[in-house]
Amino acid sequence: MLDPRRLRAEPEVVAAQLARRGFAFDLDRFAGLEAARKDIQTRTEQLQAERNQGSRRIGQAKSRGENAAPILADMDRIKAELGDNEKRLDALQAEVEDFALGLPNLPQAEVPDGRSEDDNVELRRWGRPRAAEGMRDHADLGEALGLMDFAAAARITGARFTVLRGALARLQRALTQFMLDVHTREHGYEELYVPYIVNAASLRGTGQLPKFGDDLFALKNQGGDQDWRLIPTAEVPVTNLLRDQIVDAGQLPARWVCHTPCFRAEAGAAGRDTRGMIRQHQFEKVELVQAVLPEHSRQAHEELTAHAEAILQKLDLPYRTMLLCGADMGFAAARTYDIEVWLPSQGRYREISSCTNFEDFQARRMLARYRTADSKKPELVHTLNGSGLAVGRTLVAVLENYQRSDGSIEVPAVLRPYFGADLISPPT
């Protein structure tokens, strides 16, 4: 959520910044809400002053033995109007909050302007991509091995699900374990296990609600009074560890890594990547989350991105890192780097991780704060997250980049201690 003080002080500046994201800030509606709020607050203050003055007049009238009935009648009128004003103000504040919850984050100054992903800026590349000619895609490779079963998943559940068998199930497990070990042993993250079901407050805190409700899977009649949803990413439960908390500044930075399944309705992705494992309703990620002091968040963003890139380097998978333009960033992002891995079958790079600095946008929604030894009041933390990496897409990249002409798959050297072999061979 944006700082309400800044919204009130410089709405035109905020509107100009949001326009860089392609978002039209409704200045007229905001001005109307603010004017109504000020009118009610001004009238409420007047009534409170009249009430205080009336209380004194009642006391004076009684002390002089005068009839206080007219004053008491006027006090009843003031009390009734104050009650009406309180209801009007509550309703107006709810409308203001709904309006504010619909505003995306402001982009950092370095974020390029643009209208689509075509305007993203390439920052760097690593590795040498394999030529696309003659390369089979991961779905063909997996089905030919007899280890990737889309038909069975469709019978069990429906489209956009996959059953992995044997060596590919083991390879996915090896990738997950490898990522967790690198991030905990080399990058200093604390490993977490969290619920895969969260409440609506948690989703509001990280920015998925109310805007992206259609992309979430809701659990009906299972939580009683709870509004429960399946997590779209570990970012939600992990970041919400800080919700309504005040931590000592000495506890920051906090670095957490968490492996979870992720569940997404893909409501806006009709017709996209319907073949294979690129875009699924259920997939797995190893997620990196950081909470830092505001003055450290830019450096932390570079470090977190490097931690995700390190996994691809160790796997010897070619990739490039992109700085997203304003229009292509996520709702809560102030700045995002997308890491895109090379897929030979497509002859192009595809996203495998988004590493984002949210600044205090999520923290304000969650009331996630820190306190220093000499501070008079707590301040908002800055939060960051990124995939380190998306496990399914990494599996796809390994299959395609390590394929051999006979249909076998070479196992990357760093995975062999986890996998237990150096080759996945086709059936004979």
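Helices here are DSSP runs of H or I with at least four residues, numbered from the N terminus. By that count Ser 55 belongs to helix α3, and the tour returns to Ser 55 below. The model is a predicted one.

**Whole chain**

Start with everything shown. The protein has 13 helices and 17 strands. Along the principal axes, the C-alpha atoms fill a box of roughly 110 × 45 × 40 Å. Of the 428 residues, 50% count as buried. Taking contacts between residues at least 6 apart in sequence, 73% join residues at least 24 apart.

**Stop 1: Ser 55**

Select Ser 55 in α3. Its relative accessibility is 41%; since buried means under 20% and exposed over 50%, the residue counts as partly exposed. Add Ala 132 and draw a distance between the two C-alpha atoms: they are separated by 85 Å, with the two positions 77 residues apart along the chain.

**Stop 2: helix α4**

Next select residues 69–101, which form helix α4. The helix has 33 residues, and at 1.5 Å a residue these should span 48 Å. Its end C-alpha atoms are 48 Å apart, so the expected span and the model agree.

Now colour the buried positions of α4: Ile 71, Met 75, Ile 78, Leu 82, Asn 85, Leu 89, Leu 92, Phe 99, Ala 100 and Leu 101. What do the buried residues of α4 pack against? Show α3 (27–63) and α11 (361–366), as these are the helices they pack against.

**Stop 3: the second largest pocket**

Stay with α4 and display the second largest pocket, which holds about 450 Å³ of space. Its lining has 21 residues, and those closest to the centre are Met 1, Gln 93, Val 96, Glu 97 and Ala 100. Which helix gives the most to this lining? That is α4, with six residues. At least two lining residues each come from α1 (4–9), α3, α4, α8 (200–206) and α11.

**Stop 4: strand β11**

Move to residues 335–343, strand β11. Nine of its nine residues are buried, so the strand is largely enclosed by the rest of the structure. Show the side chains and look along the strand. Arg 335, Tyr 337, Ile 339, Val 341 and Leu 343 point one way, while Thr 336, Asp 338, Glu 340 and Trp 342 point the other way; all are buried.

Add the partner strands in turn. β10 pairs with β11 in the antiparallel sense over five bridges, and Leu 323 has Tyr 337 of β11 as its bridge partner. Strand β12 (residues 348–359) is also antiparallel to β11, joined by nine bridges. One pair to pick out is Glu 340 with its bridge partner in β12, Glu 351. Four residues lie between the strands in the hairpin of β11 and β12, where Gly 347 takes a positive phi near 65 degrees.

**Stop 5: Glu 340**

Centre on Glu 340 in β11. Is this residue buried or exposed? Its relative accessibility is 11%, so Glu 340 counts as buried. The side chain of Glu 340 makes a polar contact of 2.7 Å with that of Arg 320. Leaving out residues up to four places away in sequence, Glu 340 touches Pro 318, Tyr 319, Arg 320, Met 322, Tyr 349, Arg 350, Glu 351 and Ile 352.

**Stop 6: Thr 321**

Step across to strand β10 (residues 319–323) and select Thr 321. Thr 321 has a relative accessible area of 0% and is buried. Its side chain and that of Glu 309 are joined by a polar contact of 2.5 Å. Neighbours within four places in sequence aside, the contacts of Thr 321 include Val 121, Glu 122, Leu 123 and Arg 124. Thr 305 and Glu 309 are also among them, as are Tyr 337, Asp 338 and Ile 339.

**Stop 7: a three-strand sheet**

Finish with the open sheet ordered β7-β13-β14, whose pairing is mixed. β7 (246–248) and β14 (379–380) stand at the edges with a single partner strand each, so one side of each has no neighbour in the sheet. β13 (residues 369–371) runs antiparallel to β14, joined by two bridges. To locate one of these, select Arg 369 and its bridge partner in β14, Leu 380.

Terms used: Residues numbered from 1 in each chain as written. Predicted model: local features only at pLDDT ≥ 70, side-chain atom pairs only at ≥ 80, totals over all residues. Heavy atoms only, no water. Pairing = 2+ DSSP bridges. Expected span 1.5 Å × (residues − 1). Buried < 20%, exposed > 50% of the residue type's maximum accessible area, 1.4 Å probe, protein only. Contact = heavy atoms within 4.5 Å. Polar contact = N/O pair within 3.5 Å; in protein donor to acceptor, adjacent residues only side chain to side chain. 1 Å grid on protein atoms, 1.4 Å probe; cavity = no way out; pocket = protein on both sides within 12 Å on 5 of 7 lines; lining within 4 Å. Points joined across faces, edges and corners; volume = space filled by probe spheres on them.
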